[in-house]
Amino acid sequence: MPYLLQLSSAIPVEVIVALSCENHDGPYDFLDSNSVQLLKCPGRGRAVQMNAAVERAKGDILVFLHADVVPPCSFFQDIVQALDEGYVAGFFSYKFDKDSILLKINASFTAKDGFFTGGGDQCLFIKKPVFMELGRFDEEQVLMEDFEFFQRMKRQDINYTIIKNDLIVSARKYSVNSYLRVNLANMLLVLLFKFGYSSQRLKALHDKLLRVSYKTNT
């Protein structure tokens, strides 16, 4: 959080930390800053948390950043430049925080517009009026809410870009599961999502296929 606030020192930014109603992590030392708001949401799930933060946000540009994703030093300037160039939304490429040839191959796909574009780790930024016109995140979508929102963006021909300036994403999922297991699970889940499987069934399958390690507050 201190790093994020340092990046925003030259640009007016409000940082909203949206927590699930079931979250009991702490202490929240970053609240010493007047620039950070802590929001305890009425429900659980990322879609609920992000929508609640949008309701609190006063600005016209929304940026959705996962708690375990570290942005590049020109993060906010990159977003402003993309919007100045005429885009109304966008994502970032990323790399993992673990030095691995296989993970580098995975990350290389995030710099291109393709099958896996739109995942939450790519940090969606979007103009707030456009986000609201698209209907916000679907709070019934308990898994892959980011991909579902991106589908609506594509259907409405929203003008977006992918900024090729890597975020740093935690590789902890790969540390507690094998590389092959994570990739096969991700491929299966995305395919089933595109074939119309319900988010509840996808979530149940995800929980069976992958072990999750929580090393950071989320």
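**Close-up views of a predicted model**

**View 1. Ser93 sits in strand 5, residues 89-96.** The model shown here and in the other views is predicted. Ser93 counts as buried, because its relative accessibility is 2%, under the 20% cut-off. Its contacts beyond four places in sequence include Thr110 and Ala111. Ser93 also touches a run of residues: Ile162, Ile163, Lys164, Asn165, Asp166 and Leu167.

**View 2. Five strands make an open sheet with mixed pairing.** The strand order is 3-6-5-7-4. Strand 3 (61-63) and strand 4 (69-70) are the edge strands. Each has a single partner strand, so one side of each lacks a neighbour in the sheet. Strand 5, the strand of Ser93, stands between strands 6 and 7 in this order.

**View 3. Strand 4 pairs with strand 7 at one edge of the sheet.** Strand 7 covers residues 160-169. The two strands run in the antiparallel sense. Two bridges join them. In one bridge, Val70 is partnered by Ile168 of strand 7.

**View 4. Cys73 and Cys123 are not bonded to each other.** The structure has zero disulfides. A disulfide is a covalent bond between the sulfur atoms of two cysteines. The closest cysteine sulfur to that of Cys73 lies in Cys123, 15 Å away. Seen from Cys123, the closest cysteine sulfur is that of Cys73. A separation of 15 Å is too far for a bond, since the cut-off for a disulfide is 2.5 Å. The surroundings of the two residues contrast: Cys73 is exposed, with a relative accessible area of 62%, whereas Cys123 is buried, at 1%.

**View 5. Helix 8 spans residues 179-194.** The helix has 16 residues. At 1.5 Å a residue, the expected span is 22 Å. The end C-alpha atoms are 23 Å apart, which agrees. After helix 8 comes Gly196, with a positive phi near 95°.

**View 6. Helix 8 has a buried face.** Val182, Ala185, Leu189, Val190, Leu192 and Phe193 are buried in this helix. Down the helix axis, the buried residues fall within an arc of 165°, so they line one face. On the other side, Leu180 and Leu184 are exposed. The buried residues pack against three helices: helix 6 (145-155), helix 7 (172-176) and helix 9 (199-209).

Technical notes: Residues numbered from 1 in each chain as written. Predicted model: local features only at pLDDT ≥ 70, side-chain atom pairs only at ≥ 80, totals over all residues. Heavy atoms only, no water. Pairing = 2+ DSSP bridges. Helix = DSSP H or I, 4+ residues; strand = E, 2+ residues; numbered from the N terminus. Buried < 20%, exposed > 50% of the residue type's maximum accessible area, 1.4 Å probe, protein only. Expected span 1.5 Å × (residues − 1). Arc of directions from axis to C-beta. Contact = heavy atoms within 4.5 Å.
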